[in-house]
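This briefing covers a ligand site and a disulfide. Please have the sequence and the model open while reading.

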Amino acid sequence: MRLGWISLLALTAGLAVSTAQASPVTVTVDTGKPGATIDRHIFGQFAEHLGSGVYGGIWVGKDSPIPNTRGIRNDVVAALKAIKVPDVRWPGGCYADTYHWRDGIGAKRNARVNTNWGGVIDSNAFGTDEYMDFVDQVGTEAYVSLNIGSGTVKEAADWMEYMTADQPTALQQERAANGHPAPYKVALMGLGNESWDCGGLMTPDEYTAQMRLYGRFVNSFNTTSPTLKIAVGPGTDDTTWTEAVMKTWKDHRGWSFDLQGLSLHSYTVAGGWPPHAPATGFDEQAYADVLAETLKMGPLIDKQSAVMDKYDPDKKIALVVDEWGAWYAPTPGSKPGFLVQQNTQRDALLAALNLNIFARRADRVRMANIAQMINVLQAMIFTDGRKMVLTPTYHVFHMYVPFQDATVLPVTYDAGSYVEGHVTLPRLDAIAARGKDGKVYVSLTNLDPKTPLEVDLAAMGLKARAATGETLTAPKIDSMNDFDHPETVKPSPVKAMLSNGKLMLKLAPESVTVVELE
Ligand code: AHR
């Protein structure tokens, strides 16, 4: 891992520009030096009341002809179960700071205008009880974002009482009357969202004042099932906000608040804001530009983590990258504010590169949520009426399931370089880990869209005789799946046997491969 990373740093500094290697690259995994655990929560998802992320994507209603269980799509639930989604952040995003939970409970729902996204009516048919049913059906965990922009501490505390009280309080009884006497588990709670922007344009001091109150007075009512608290963190490489939150946390005492996480939001937006790069139909320069942009996630995390280390050297507070992914120009003709974009093989690589960045920093980055799960931005799944299709990004999340709660293993290799115009990138990106099943897994991404890459897999401390797994390749850099062609991009099996003392794998251009060493 270190050599690969050093190589990447040298390349981004412009110190080394080599041509594609003709000879195989040796990738060596040291199975005897286990590192940090890759928390399964780095594979988290995000479902905002935005476009058809929830309505249509998850919720179709109990009377829909689309197969559903209590109004929740069966096909979507099955697909999400297969990628073992660890948590789903809800109801926003920016929407969270306008969300009032009472609009979405009980027999009579209050329809409201979604002022954040498209000005459409939100029926509030999908509210707290439906979200919790969805969480239960998928077998995931709840991550709720509190409204600290237009809500109150009391409103948020009441919401937690409604969800988690296990004693006969007024709100427990209201929940029971709505069909759920047993308490829900709220594993995670976000204390606001982007409070430096859509969450209220607060200064760091204004936010930390709110954070102290919400952090103190909004809690799980179920002592056997506490809720972890995640503060709003930065959205750029400016560290002022991180300093303020971490210092406030450091100074907390006695019965005051506590935190377990600090959020970081960082989208891959090539060419600057507003997002205008097309999601499909791009050339190789645009392919390279987007991958170069996404690799800035590593240095960004390192810069913010350095501030966290100053106040929290024991790494008690997790860095939670709870909004990340590619953000392109909307699909032409799609509804304004619905953030609809296609998803291509480039996005599959982008996902793998980011997951690798998080895994390498697993001691601090213990949670992340890609934006967003269904029909919005870098989605796993697209739906249209009763149709559903899985994206290339979904397939990467599926291939990476063995890395959930796995233990990082050092991996060394010469990354080489892939050069396109003004952009120089590492040609190879790899991580390795020992899965919970005891097996050794390696992920290998060939960023070069023109040239295959031969790797010789070597494992110190393991007599590997074979490498088996899956590879995600595509005919073109912008190959995608749509409702008429749902399997243009899908994983296919790979296997390499030991031959002449070598375990050789040929990585197709622009591909992601995950193998188990046997
Ligand atoms: O994911 C879309 C939006 O991006 C979220 O609502 C907001 O938090 C971010 O700016």
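The notes below take the ligand first and the disulfide second.

This is a predicted model, in which local features need pLDDT of at least 70, side-chain atom pairs count only at pLDDT 80 or more, and totals for chains, interfaces and linings use all residues. Residues are numbered from 1 along each chain as its sequence is written, and side-chain values use heavy atoms, with hydrogens and water left out.

**Ligand shell**

- The residues around the ligand (a heavy atom within 4 Å of it) are Phe46, Glu48, Gly93, Cys94, Trp117, Asn193, Glu194, Tyr267, Glu323, Trp327, Gln372 and Leu377.
- The shell divides into six nonpolar, three polar and three charged residues; in this scheme Cys, Trp and Tyr are among the nonpolar residues, and Gly counts as polar.

**Polar contacts with the ligand**

- Polar contacts are pairs of N or O atoms within 3.5 Å.
- Polar side-chain atoms of Glu48 and Tyr267 each lie 2.7 Å from an oxygen atom of the ligand.
- For Glu194, the distance from a polar side-chain atom to a ligand oxygen atom is 2.8 Å.
- Of the 280 Å² of accessible area that the ligand has on its own, the protein covers 94% (Shrake-Rupley method, 1.4 Å probe).

**Disulfide**

- The count comes to one disulfide, taken as a pair of cysteine sulfur atoms within 2.5 Å.
- Cys94 and Cys198 form this disulfide, with their sulfur atoms 2.2 Å apart.
- The disulfide is left-handed because the torsion about the S-S bond of Cys94 and Cys198 is about -90°.
- Cys94 is also one of the residues around the ligand.

Terms used
Polar contact = N/O pair within 3.5 Å; in protein donor to acceptor, adjacent residues only side chain to side chain.
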